[in-house]
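Biologist: I would like a close look at a single strand and its partners. Please keep the account plain and give the cut-offs as you go.

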Amino acid sequence: MIPIDDYTRTRENLHAVAEQLLAGPEYRRSKTIRLAPAAGGFATVKAPELAVREDVLLLDGAPVGTLHGATIADLATAAGVEPGMPDGVYAGRTTVDPNTPLWIDTESSRILTRAYELGDAALRALAPDHTPVLWSEHFDLGIDVDEVNYGVSPGDSLIPEPYAYVGPWTPRTGDFWNQSFGAARTMRELDGADALLEFFSDGRRNAKA
């Protein structure tokens, strides 16, 4: 794991990009805030076709600008979209000013997007009839099955690095459940796609117990 301060700063800046450059324009055009993992990053699922690949913003698959050192406002102009939050959809928001240069550490970005890549594969294996969604509000990738949330978070104030979680809508008790919302394991603890799927599968069994 790289220095946590670098990772946290990168995560917060990428979260702002997801909200203000992808989800906001997507909501204004297509009335959805759903995003999805994409090669080396994440993308909208409907128009406008915007994506982040490590440190680059893409429009219709073509690069329009580098994130690090650019502002959200400038990148939006280059992509021909209106920057800003998907207003009225949820209350929370990132605090990165759209006119402040973004700060992205490439290695941190790779760690974050690798977590989404592994999470997407494991969630699809766990529940093939569900499509994982990357939600801009909490910047986590997840599904819900039988009133249990399964997903991968890039980190937050509780756990500052990428982690997988199982969150039953109704609290459960037992050794498996190590968080107030259910259960969590860091991606470093799980160490790979097979271990991630095993954790989700264990969560499903424990939620039914």
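Modeller: What follows takes strand E7 and its two hairpins, then the whole chain.

This is a predicted model, in which local features need pLDDT of at least 70 and side-chain atom pairs count only at pLDDT 80 or more, while totals for chains, interfaces and linings use all residues. Residues are numbered from 1 along each chain as its sequence is written, and side-chain values use heavy atoms, leaving out hydrogens and water.

Strand E7 covers residues 140–144, and four of its five residues are buried, so the rest of the structure largely encloses it. Buried means under 20% relative accessible area, exposed over 50% and partly exposed in between, with a 1.4 Å probe and protein chains only. Helices (H or I, at least four residues) and strands (E, at least two) are DSSP runs numbered from the N terminus; two strands pair if DSSP finds at least two bridges between them.

On one side, E7 pairs with E6 (residues 133–135) in the antiparallel sense over three bridges. Here leucine 134 stands opposite leucine 141 of E7. Four residues lie between the strands of this hairpin, and phenylalanine 139 takes a positive phi near 65 degrees.

E7 is also joined to E8 (residues 148–153), again antiparallel, by four bridges. In this pairing glycine 142 faces glycine 151 of E8. The E7–E8 hairpin has three residues between its strands, with aspartate 146 in the turn at a positive phi of about 50 degrees.

As for the setting, the protein chain has five helices and ten strands, and 50% of its 209 residues count as buried.
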